[in-house]
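User: Could you take a close look at one part of this model for me, the place where two of its helices meet? I'm new to this, so please walk me through it slowly and then show me how other parts compare.

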Amino acid sequence: MDGTARYCCPACDRTLPADRPLWRCACGSHLNLTPGRGLARGQIAGAEPSLWRYRAALALGHPPRVSLGEGWTPLVERSWAGVPVRFKLESQMPTGSFKDRGTAVMLNHLIEVGVGAIHEDSSGNAGSSIATYAAAAGLPCRIYVPATAPRGKIVQIAAAGAEICTIPGSRQAVTEAALAAAGDSFYASHNWQPFFIEGTKTLAYELWEQFGFTVPDNILVPTGYGSNILGLDRGFGELERRGEIARRPRLFGVQAENCAAFAAAWAAGADGYVAFASGDTVADGIATMKPVRMLEVLNAVRRSQGGIVAVPEAEIGPALAALGRLGLFVEPTAATAGAALSLLLRDGTIRADETTVVVLTGHGLKATEKIAELLGI
Ligand SMILES: [Zn+2]
């Protein structure tokens with residue numbers, strides 16, 4: 001570990017030490033962390049059954065002050081359309097979604113640099129993750145959520161003792177409300193604060209270790225803001241620079257066709273936001289109108305020689321049902337990755353003899369009402 005982490009601003013190029021709670025640059029842009037040094041396989045704390053086994057690679061100054069045992073999630077093999085596939089069960093985190101990787105590392109950093117009360121906006125999973133870890137750390141916490149967020153997620157936030165502000169309208173309206181409150185308490189935004197990506201990068205380390213210190217050919221990830229894509233890119237980049245891996249997996253960002261900012265930019269060959277038509281989607285966790293790090297996510301996908309896949313709304317329910325029958329009960333957002341794999345196998349982008357990982361980002365118990373509706377239960 002080292003406590004000398006630095007922020008760099010992609011817009012104005014300034015760098016500054018990560019020694020105080022910050023969520024963006026003075027110029028208004030998001031901040032990134034400078035490249036990490038990674039670790040060699042001999043530096044893994046092998047007795048630690050959580051993401052903290054990779055703490056030598058994390059840009060923190062101290063051992064974690066708050067942990068709920070996040071990370072080191074199962075990687076299970078199942079057959080999908082007759083093809084062997086590994087499913088990474090990020091749904092089996094302390095709060096039931098992959099967000100706990102990012103939250104745990106981000107909050108431990110913020111605690112190190114002296115944060116007080118925090119707030120956040122979320123479609124649900126990040127909110128319940130941050131509310132839960134704030135509770136574990138004893139930090140006051142307020143979460144802004146869409147009025148339409150699944151009830152299970154709102155209940156989870158409330159049970160952690162966080163104050164809930166329910167905002168009518170779009171997901172973007174929820175973000176605007178949280179931005180407007182940024183003077184009152186610290187805006188611990190998982191979409192802005194780069195230590196969240198420092199946490200999600202441990203997914204790359206974990207897959208590398210679980211594949212016997214090799215990497216799979218393909219990784220499919222439900223993508224709203226792209227924190228898992230950015231974490232995978234950062235983690236595999238560090239391992240590549242350390243000489244631990246010789247190549248990177250292809251990364252496929254999966255979106256719901258009804259709200260697909262990255263797919264629109266991808267199809268246009270653009271480096272940033274392009275206007276697109278949007279509608280309702282059952283995949284509430286990835287219904288993002290304006291991703292923060294658009295260019296970085298597109299670059300990460302291009303660097304990996306992967307792609308962005310938009311899944312038709314009608315294919316999400318059948319994918320969720322098929323996953324359930326494999327013993328994998330996930331929320332609709334996570335099911336998009338299964339639907340995307342079917343598309344990529346069908347069009348030959350992914351071949352049966354390749355090793356493929358599907359990241360299942362959130363548990364089905366998060367969204368039982370939506371799932372009941374979707375499957376006619
Ligand atoms: Zn700047």
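Analyst: Let's start with the residues that touch: on the α2 side they are Asn125, Gly127, Ser128 and Ala131, and on the α3 side they are Lys153, Gln156 and Ile157. Sort them by class and you get 2 nonpolar, 4 polar and 1 charged residues in the contact of α2 with α3. Keep in mind that you're looking at a predicted model.

Now for how the two helices sit. α2 covers residues 125–137 and α3 covers residues 151–159, and they pack with their axes 8 Å apart at an angle of about 15 degrees. Angles under 35 degrees count as roughly parallel, so that's the label for α2 and α3. As for handedness, α2 passes α3 in a left-handed crossing.

Next, try another pair: α6 (residues 202–210) and α7 (residues 227–241). Their axes come within 6 Å and cross at roughly 60 degrees, which makes α6 oblique to α7. From α6, the residues in the contact are Leu203, Ala204, Tyr205, Leu207 and Trp208. They meet Asn228, Gly231, Leu232, Gly235, Phe236, Glu238 and Leu239 of α7. By class, that contact has 8 nonpolar, 3 polar and 1 charged residues.

A third pair is α10 (residues 316–324) with α12 (residues 368–375). Here the axes cross at roughly 105 degrees and come within 10 Å, so α10 and α12 are roughly perpendicular to each other. Gly317, Leu320 and Ala321 in α10 touch Ile371, Leu374 and Leu375 in α12. If you split this contact by class, you find 5 nonpolar, 1 polar and no charged residues.

Finally, hop over to the zinc ion. Its protein donors are the SG atoms of Cys9, Cys12, Cys25 and Cys27, lying 2.3 Å from it. What arrangement do the 4 donor atoms make around the zinc ion? It's tetrahedral, because the angles they subtend run from 107 to 118 degrees. Along the sequence, the donor residues follow the spacing C-x2-C-x12-C-x1-C. Cys9 is in the loop between β1 (6–8) and β2 (15–17), while Cys25 is in the loop between β2 and β3 (32–33), so this pair ties together parts that are 16 residues apart in sequence.

Note on methods: Residues are numbered from 1 along each chain as its sequence is written. This is a predicted model: local features need pLDDT of at least 70, side-chain atom pairs count only at pLDDT 80 or more; totals for chains, interfaces and linings use all residues. Side-chain values use heavy atoms; hydrogens and water are left out. Axes are lines fitted to C-alpha atoms, for helices over the stretch in contact, and angles run from 0 to 180 degrees between N-to-C directions. Helices (H or I, at least four residues) and strands (E, at least two) are DSSP runs, numbered from the N terminus. Angles under 35 degrees count as roughly parallel, over 145 as roughly antiparallel, 65 to 115 as roughly perpendicular and the rest as oblique. A crossing is left-handed if the near helix is turned anticlockwise from the far one by less than a right angle, and right-handed if clockwise. Contact means heavy atoms within 4.5 Å. Ala, Val, Leu, Ile, Met, Phe, Trp, Tyr, Cys and Pro count as nonpolar, Asp, Glu, Lys and Arg as charged, and the others, Gly among them, as polar. Donors are N, O and S atoms within 2.8 Å of the metal (3.2 Å for Na, K and Ca); water is not among the atoms, so sites may look incomplete. Four donors count as tetrahedral if all angles lie between 85 and 135 degrees; four count as square planar and six as octahedral if opposite donors are over 155 degrees apart and all others between 65 and 115; anything else is irregular.
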